[in-house]
Amino acid sequence: MPGPDAAIPDLGPQLFALLLRCLLWAAVGAFVFGASISLLSRRVPAVARWREILLTAPTTRRSEPPARAFLRVSLGLLWIATGLLQAQPKMPAGFVPEVLGPASDSAPPWFGDLIGPLARAWERHPVSADTATVTVQVGLGLLLIFGRRGRLARVALWLSIGWSAAVWIFGEAFGGLLYAGASWLTGAPGAVLVYAAAASVLLAPWERWDRGTAQLIARRFTAVWLGIGAVLQALPFEEQWTQDGISEPFRTAAGEPQPALLVRPIARLATVATGHPAAVNATLIVLLTVTAVSLWVSGRTFVVVAGLALCALTWWLGQDFGVFGGTATDPNSALPLAVLLACALPGLAAHEATVRTAPTLIVRTRNIPVGVVAALASLALGLTIVVPIVLASRMGGRADAAAVAADSNGGVRAIPPRAAPSFRLTDQRGQPVSMSALRGKLVLLTFLDPVCTSDCPLIGNQLAIADSQLGPLAQQVEIVAIDTNPTFHLVTDVQAFTDSHGLGGLTNWHFLCGPPDRLQDVLSAYGISVDVPAVGMIEHSEGMYFIGADGRQLAYLDDGAAAQLTRTYAEQVRDEIRSLLK
Amino acid sequence: MYHTACAALSTTLLATACANHGSPSPAARFGGPTVAAPLPATSPYLAVTGTASGYAILPSGGSWVLLQTSDGFAHVVNRTPVAVETDGGLIGSFAPGSAAVAVGAHDRLVRSPVLIASGASTWTPTEMPDAVVDARAAVSLASGTLTAVTTGGDVIARTETGWATLTGVARLAPDARLRLDGVTWADATTGWVTGQGPAGPAMAYRTTDAGRTWAGVPASAGTTVAALAPCGAGKSWLLPVIDGAGTISVLRTSDGGLTWTRGSALPVPGGVPAWACAGPQVWMAGQASGADRVFASTDGGQSWVDRGAPPPGLTSLAMTGTGAGFAVSAGSPASLWTVSGDGAHFAPIVLPDWVATIGAEPGGD
């Protein structure tokens, strides 16, 4: 028998397609904006002056210190990589349940309150929100790459810091510091803080780069970061001395799909960490501590290289390059930390005269015509600021068309219009109710446990609210719940639930019960699974079918718990009914 | 002694009883719905149905579990009602051939499910029209009839067509702010309800006509602020009562409740009162010199013998024979004990590991 999983298509690809389309339009819009600025700057003196203000540096220096150029371009590339990760297929639908959700579950309740508005906005507008996030990050990267100097470059750096802070709070849940398990391996205290640190170092005057002060700050920041990592590894409440704690990153990484050559050492390390957690953690602490102290006191090449090697190994073995899994939002901490540390390599601390021999990674924007630079910078500015503002301004209204079709975590989904499985059960009044007898009206069919104390009462209450908000339209609707509890399956049980949760006054409400085997047949037909644990409430899958007057399934509302999070369950039900009755 | 006892009282009821002397407002004393029963079902307790058989209601994770034994708790089986959340406590009535367990209401579970079993059969579910009181004696299955005390203050009985109200605080003591928390039946016609409230009115009532009429037990009025569920059979009954001064004493009758004699008083224990009886024998955990002690009486509570210190946190005593039985104490996890020497000796019973963890991850939807 088909269940919801079989009946309902996975709309992730649809959302991804919408995301790509949205990104394309954003890029076109930004390009038009950039080209317009470029053209206008040649013809309109005011725009030309604006271009000069944006791109002209308040310094007479002609060439950028190579270490700074390396860090600037690297940070730009990191932002672009981060933006592209945010454009992965799973991101529009998966960001809330797979990124925000786990962080919120483990964090204190106030964090849930803090990110609640963001989660709700994202769920209502998954494509717009993801597009805005991608364009901000790609735009920041482009601004950094092409914004070598001038006010625009400084704006890009300050925007980097601000955006990093926002991502650290909302996307990384304060780098995982709010709950147990934060460690060097997991990237605590937050990869994006390294981005902010790099941007801060880049804000230093060029003269400080010439003197090596900026490189010293970068190196010592890395030392401090490694020291924090050692402390996190050592703190008992972070659980890194336990088998589960220390081996978890390795086990997780080993489980991600990736080339065997990459995963084999990780799997081996997972085995060792599981067998000898204390030894592995102690070794890691010693490595981190020794490297941190060395980097603090010395900037010699072999010390920096040792630090880079530790970062590289961590990025591979502990952080699995940060990108496998489909919902990584950044390359994790070891890579940006290595980039930051690399700018402290003595070989990069070259004088202005040696700039021509700098690594080819550096984009020599000074060789690109200023008009092109202005256009690219304007394009980046459009991506970073204009596109997100335009998208954000739309997010206060109705949900995206995509979100109406399928918001990122629960929401009404169109399903193939096949005949709803039939049933004949008894309602809370003791009256028989069958699927065929409900023909002619729109049927909302859901599945509830009459002695449940978690979601079911809330769903019942939301249904009552939705029904009251429908007004006269409610006469065209029958709300039906099927009893999922194999123990409490009597009329008195569903009657008690009805009376207890404000549903007794609804003439179109039917809470159906019956013999357990007959109930099970109906539940199976609709793809609802029920598990009865040894102690406690039953566990059952949730969902609501919208069944047309002709008895055919029209839509499916997934996961009532997620709908609770967004507080739009009653709204979604009401709006869907209104839409279907049009 | 009075002040020492008051300082040590930890149950809400007994703390309230002490406060009676300092607060003139009965509403402040017993007006809230959160006053705990003297014998709450959300503390570990035992119910024995034979010398080696019985039940234990213990915490497990965030839930409460019902364990059954037939060999003195050497082995236990999980008899927790399934498919319903049990973190509001379990209120049971147990007899050798039958059992009934009401699921304590909490949160959004505002009507208590009740499960009834005969012999070794599986539970038959039903549902009360209201929530059951969080008190160990709030459910009674006797002579084939299930009765219960609800948080609404009614004593209800299950009939073939549903539930009928036998009595309630509105009828028994409409102005006394009485809170009922126990119902006990001697047979099909004689029964008792007990409760708590401000000193003055009767805290226990008796019926001899299957609940049609009820009369207050005069001896439970006056300074009494709570009566515990009585213990006895036929015409002989023992009724422990707690007074506002923080002492507990046993009322006894040998004529079915027409006349009563009050025994000597003991200071109340620091925790939940733990007591047991078998005929005229009574065991009571009370305080002496600031520490809990077990006292035994062979004359229905007229005189007491100090039997020594019980394990800390004792919440239930269940005596099964000549000076022997079982006990349970609160803790994490709760501990079961065998009792011997007339309450003088306590030896721990090792329970399987699953007892402490089986309720740790209850389901949900």
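**Figure 1. Packing around helix α14 of chain A.** In this predicted model, the buried residues of α14(A) pack against α11 (213–234), α12 (243–255), α13 (260–275) and α15 (301–318) of chain A. The buried set consists of A:Val280, A:Asn281, A:Leu284, A:Leu288, A:Thr291, A:Ala292 and A:Leu295. These residues cover an arc of only 105° around the axis, so they sit on the same side of α14(A). A:Ala278, A:Ala279, A:Val286 and A:Val297 lie on the other side of α14(A), where they are exposed. An α-helix has 3.6 residues a turn, so residues three or four places apart point the same way. Helix α14(A) spans residues 277–297, 21 residues in total. From first C-alpha to last, α14(A) reaches 30 Å, close to the 30 Å expected at 1.5 Å a residue.

**Figure 2. Helix α23 of chain A.** This helix runs over residues 569–581 and has 13 residues. Its end-to-end C-alpha reach is 18 Å, close to the 18 Å expected at 1.5 Å a residue. Buried positions in α23(A) are A:Tyr569, A:Gln572, A:Val573, A:Arg574, A:Glu576 and A:Ile577.

**Figure 3. Strand β3 of chain B, covered on both faces.** Strand β3(B) covers residues 63–69, and seven of its seven residues are buried. In a regular strand the side chains alternate between the two faces of the sheet. One side of β3(B) holds B:Ser63, B:Val65, B:Leu67 and B:Thr69. The other holds B:Trp64, B:Leu66 and B:Gln68. Residues on both sides are all buried.

**Figure 4. Strand partners of β3 in chain B.** Strand β2 (residues 54–60) of chain B runs antiparallel to β3(B), and seven bridges join the two. Within this pair, B:Pro59 stands opposite B:Trp64. The two strands form a hairpin with two residues between them. In the turn, B:Gly61 has a positive phi of about 60°. Strand β4 (residues 77–78) of chain B also pairs with β3(B), in the antiparallel sense, over two bridges. Here B:Leu67 of β3(B) stands opposite B:Asn78 of β4(B).

**Figure 5. Contact between chains A and B.** On the chain B side, 25 residues are in contact with 27 residues of chain A. Two elements of chain B, β3 and β8 (124–127), give two or more residues to this side. Strand β8(B) gives the most, with three residues. By residue class, the chain B side divides into 10 nonpolar, nine polar and six charged.

**Figure 6. Nonpolar cores.** The largest nonpolar core has 154 residues. Those with the most contacts inside this core are B:Val132, B:Ala138, B:Ala148 and B:Leu317. Leaving out residues up to four places away in sequence, B:Leu317 touches B:Ala274, B:Trp275, B:Ala276, B:Trp283, B:Ala285, B:Gly325, B:Ala327 and B:Val339. Another core, of 104 residues, lies apart from the largest one. Its members include A:Leu71, A:Leu157, A:Leu288 and A:Leu337. A:Leu288 is also one of the buried residues of α14(A).

**Figure 7. Chain B as a whole.** Chain B contains five helices and 30 strands. Of its 365 residues, 57% count as buried. Among its contacts between residues at least 6 apart in sequence, 44% join residues at least 24 apart.

Technical notes
Residues are numbered from 1 along each chain as its sequence is written. Chains are lettered from A and ligands numbered from 1 in the order in which they are written. This is a predicted model: local features need pLDDT of at least 70, side-chain atom pairs count only at pLDDT 80 or more; totals for chains, interfaces and linings use all residues. A residue is buried if 20 or more other C-beta atoms lie within 10 Å of its own, exposed if 12 or fewer, and partly exposed in between; C-beta atoms are placed from the backbone. Helices (H or I, at least four residues) and strands (E, at least two) are DSSP runs, numbered from the N terminus. Two strands pair if DSSP finds at least two bridges between them. Two residues are in contact if their C-beta atoms, placed from the backbone, lie within 7 Å. Ala, Val, Leu, Ile, Met, Phe, Trp, Tyr, Cys and Pro count as nonpolar, Asp, Glu, Lys and Arg as charged, and the others, Gly among them, as polar. The expected span of a helix is 1.5 Å times one less than its number of residues. The arc is that of the directions from the helix axis to the C-beta atoms. A nonpolar core is a set of buried Ala, Val, Leu, Ile, Met, Phe, Trp, Tyr and Cys residues joined through C-beta atoms within 7 Å.
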